[in-house]
Amino acid sequence: MAMSVSIVAVVTALHLIAFVFAVGAERRRSTAKVVPDQYDEMTYCVYSTDASTVYGLSAFGLLLISQAVVNGVTRCLCFGKGLVTGTSSTTWAVFFFIVSWVSFLGAEACLLAGSARNAYHTKYRKIFGGGDLSCATLRKGVFAAGAALTLLSLAGSILYYWAHTRADTGGWEKHRNEGLGMAMQQQQPGNEFEKA
């Protein structure tokens, strides 16, 4: 199997869009403030936008699709004629397969946990004037860690795909019409006029 530029372009685009969504989710995390209730002596939390939940889940989905594309094309490192041989390309394919999956699972965990925690909103807290209140918000850096692991997953996925294609073809790519130029007869100068 030769390395396909379209597969590399799709995987790179999906990872980079997921990275942009993860960075956007970090920048748009929910903030909260404590507000007194106008009807009784309770206080409650008022939260800002939930945009980072949508951004985080979008990044989660795009990263999942990208990983499915890479593992669908390479058949998840399970099949292939070149992977049975113990070449260095096979070793690198296994190494980058592990790097790709570990960084993918880490990024997915950060994005999913960050989205779930960002969507959680505390309602009524305490009686008004009853001490320090804190509204539950997402800790800074969860989506940033997901974004960083998304870039690591991109590098791992592309290098895994490259090493897998090298191991599957034995390091050589098949070329079409390779011997066509040598099979043609060379014409001697002057032979064209002698036939006439």
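The following exercises, each with a worked solution, concern the predicted model shown above.

Residues are numbered from 1 along each chain as its sequence is written, and side-chain values use heavy atoms, with hydrogens and water left out. Local features need pLDDT of at least 70 and side-chain atom pairs count only at pLDDT 80 or more, whereas totals for chains, interfaces and linings use all residues.

**Exercise 1. State how many helices and strands the protein has, and give their order.**

Solution. Helices (H or I, at least four residues) and strands (E, at least two) are DSSP runs, numbered from the N terminus. The protein has six helices and three strands. Along the sequence, these elements follow the pattern α-β-β-α-α-β-α-α-α.

**Exercise 2. Compare the span of helix α2 with the expected value.**

Solution. The expected span is 1.5 Å times one less than the number of residues. Helix α2 covers residues 51–73, which is 23 residues, so 33 Å is expected. Its end C-alpha atoms are 33 Å apart, in agreement with that value. Just after α2, arginine 75 adopts a positive phi of about 55 degrees.

**Exercise 3. Identify buried residues in helices α1 and α2.**

Solution. Buried means under 20% relative accessible area, exposed over 50%, and partly exposed in between (1.4 Å probe, protein chains only). In α1 (residues 5–27), the buried residues include Ile7, Val11, Leu14, His15 and Ala18. An α-helix has 3.6 residues a turn, so residues three or four places apart point the same way. In α2, the buried residues include Gly56, Ala59, Leu62, Leu63, Ser66, Gln67 and Val70. For the protein as a whole, 33% of the 196 residues count as buried.

**Exercise 4. Describe the nonpolar surface patch that contains valine 94.**

Solution. Valine 94 lies in helix α3 (residues 88–119). Because its relative accessibility is 35%, valine 94 counts as partly exposed. Val94, Ile98 and Val102 together form a nonpolar patch on the surface, with about 260 Å² of accessible area (Shrake-Rupley method, 1.4 Å probe; for residues, only the protein chains shown count as cover). Such a patch joins nonpolar side chains (Val, Leu, Ile, Met, Phe, Trp, Tyr) within 5 Å, from residues with over 30% relative accessible area and no salt bridge (a side-chain nitrogen of Lys or Arg within 4 Å of a carboxyl oxygen of Asp or Glu).

**Exercise 5. Examine the two spans that UniProt labels "transmembrane region".**

Solution. The unreviewed UniProt entry places this feature at residues 92–120 and 141–163. Residues 92–120 are 97% helix and 0% strand, with end C-alpha atoms 42 Å apart. Residues 141–163 are 96% helix and 0% strand, and their end C-alpha atoms lie 32 Å apart.

Technical notes: Patches are made of residues with over 30% relative accessible area and no salt bridge: like charges are joined within 9 Å, nonpolar side chains (Val, Leu, Ile, Met, Phe, Trp, Tyr) within 5 Å. UniProt positions are given in the numbering used here, feature names are shortened, and annotations may be inferred rather than shown by experiment.
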